[in-house]
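Hi everyone, thanks for coming. Let me put the structure up, and then we can talk through its surface patches and its cysteines.

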Amino acid sequence: MRPVTMEEKIYRVLGVRQYRKFLVWVKLRYDQWRGKQDTDNYFLRGSSIEDMRFLKSQLLKNAKIHSFGAVLCFACALAAGRFWIVLLAVLVGLHNLYCVLVQRMNLIRLNRLLKPKEQKRGIHP
């Protein structure tokens, strides 16, 4: 059985796994509706070290984008005077925050897969 960190346990309690499943479902439906897929930065292409490192860089990039979005939304919520604007900004901010948590959870899982492969090859991250 794979080890589960305290951080992963917290994510489970917060429902991050379920939110990830919801996001993947929405993304796949959106791609189907568009008739085009652009999932390079969402899913692992293969099991090679290069593919894993590529996905890792994409996870970090996505986390930075969503972090900026969360901070911006929460700042807008503080500055806004109308209830509906505050509510909308908080909801979008929470979505972005959960996206950051999803990226972090995926990064933990990816690192768990990547570490033994890099050690086997004698590569240091």
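On the surface, K9, R12, R17, K21 and R109 come together as a patch of positive charge. Helix 1 (6–14) and helix 2 (16–34) are the elements that each give two or more residues to this patch. K9 sits in helix 1 and is partly exposed, because its relative accessibility is 46%.

For the method people: this is a predicted model, where local features need pLDDT of at least 70, side-chain atom pairs need 80 or more, and totals for chains, interfaces and linings use all residues. Numbering runs from 1 along each chain as its sequence is written, and side-chain values use heavy atoms, without hydrogens and water.

Patch residues have over 30% relative accessible area and no salt bridge (Lys or Arg side-chain nitrogen within 4 Å of an Asp or Glu carboxyl oxygen). Like charges are joined within 9 Å, nonpolar side chains within 5 Å. Areas are Shrake-Rupley with a 1.4 Å probe. Buried is under 20%, exposed over 50%, and partly exposed lies in between. Helices are DSSP runs of H or I, at least four residues.

There is also a nonpolar patch of about 630 Å², made by F83, W84, L87, L91, L94 and L97. L94 belongs to helix 4 (residues 83–121) and is partly exposed at 37%.

How many disulfides (cysteine sulfurs within 2.5 Å) does the structure hold? Zero. For C73, the closest cysteine sulfur is in C76, 6.3 Å away, so too far for a bond. C73 is buried at 15%. C99 is buried too, at 4%, and its closest cysteine sulfur, in C73, is 11 Å away, again too far.

Methods. Lys, Arg positive; Asp, Glu negative; His and termini not counted. Charge placed at Lys NZ, Arg CZ, Asp CG, Glu CD. Buried < 20%, exposed > 50% of the residue type's maximum accessible area, 1.4 Å probe, protein only. Disulfide = S-S within 2.5 Å.
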